[in-house]
Amino acid sequence: MGKKKHQPSGNLIAQNRKARHEYHIEEAFEAGLALSGWEVKSLRAGKAQLTDTYILVRRGEAWLMGSHFTPLSTTSTHAVAEPDRTRKLLLHKKEIARIFSRTQDKGHTCVPLRLYWKGHIVKCELALVVGKQKHDKRETEKRRDWDRQKARVIREQR
């Protein structure tokens with residue numbers, strides 16, 4: 001019996017932490033990604049960034065814009081590696097229509113939350129979001145601090 005390879009980071013490839021701070025998440029979707037071979041290899045090495053990334057719906061297709069997949073040095077020489085190219089998202093027509101209709105409303109947008117492995121397939125978790133106001137961000141910060149203080153007090157009482 002051969003040993004099973006263990007990935008140190010689990011199934012998470014990249015996460016957009018800024019999105020959870022900047023937006024109220026209303027609805028989430030799971031989409032596949034159309035990738036080339038060098039991109040899959042760089043994702044296995046964990047070389048992806050989702051900061052300042054967004055979803056664009058054009059001509060009935062959803063596209064991942066602004067993501068950066070750093071090519072590995074071992075990428076083949078005959079393939080031209082474009083780290084910032086737009087990548088097609090694989091969604092059902094109804095999901096694309098829902099995303100398109102909601103992003104037409106004022107203040108709504110669609111952003112990727114994370115990239116992860118589902119078996120041997122790369123998936124992207126997208127979310128329909130609304131931007132937070134400055135006072136909402138402060139409220140979230142206060143709530144997080146209060147929860148941290150409560151946990152500290154409970155831990156000290158034990």
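This short talk goes through the charged side chains of the structure above and the contacts they make.

Let me say at the outset that we are looking at a predicted model, and that the residue numbers I use run from 1 along the chain as its sequence is written. When the whole structure is searched for salt bridges, twelve of them are found, and I will take you through some of these one after another.

I begin with Lys-18 and Asp-52, which form a salt bridge in which the closest N and O atoms are 3.6 Å apart. This pair links distant parts of the chain, since Lys-18 belongs to helix α1, residues 17–22, while Asp-52 sits in the loop between β3 (48–49) and β4 (54–58), and the two are 34 residues apart. As for their surroundings, Lys-18 has a relative accessibility of 45% and therefore counts as partly exposed, whereas Asp-52, at 60%, counts as exposed.

The next pair joins two strands: the side chains of Lys-118 and Glu-30 meet in a salt bridge, with 3.2 Å from N to O. Here again distant parts of the chain are linked, with Lys-118 in strand β8 (residues 108–118) and Glu-30 in strand β2 (residues 23–33), 88 residues apart. Both partners are partly exposed, Lys-118 with a relative accessible area of 45% and Glu-30 with one of 34%.

Strand β8 also holds Arg-114, whose side chain meets that of Glu-125 in a salt bridge at 2.6 Å, N to O. Glu-125 lies in strand β9, residues 121–131, and is eleven residues apart from Arg-114. Is each of these two residues buried or exposed, or something in between? Arg-114, at 26% relative accessibility, counts as partly exposed, but Glu-125 has 15% and counts as buried, because the cut-off for that word is under 20%.

Arg-114 has a further contact to show us, as this residue lies over the face of Tyr-116, at 4.3 Å from the ring centre.

A similar theme brings us to Arg-87, which lies over the face of Phe-69, at 3.9 Å from the ring centre. Arg-87 is also linked with Glu-39 and Arg-85 in a network of salt bridges, so please look at those three residues together when you turn to the model.

Finally, having spoken of charges over rings, I should add how many aromatic pairs there are by the rule used here: the count comes to zero.

How values were computed: This is a predicted model: local features need pLDDT of at least 70, side-chain atom pairs count only at pLDDT 80 or more; totals for chains, interfaces and linings use all residues. Side-chain values use heavy atoms; hydrogens and water are left out. A salt bridge is a side-chain nitrogen of Lys or Arg within 4 Å of a carboxyl oxygen of Asp or Glu. Helices (H or I, at least four residues) and strands (E, at least two) are DSSP runs, numbered from the N terminus. Buried means under 20% relative accessible area, exposed over 50%, partly exposed in between (1.4 Å probe, protein chains only). Rings of Phe, Tyr and Trp (its six-membered ring) pair if their centres lie within 6.5 Å; planes under 30 degrees apart count as stacked, over 60 as edge-to-face and the rest as tilted. A charge sits over a ring if NZ of Lys or CZ of Arg is within 6 Å of the ring centre and within 35 degrees of the ring normal.
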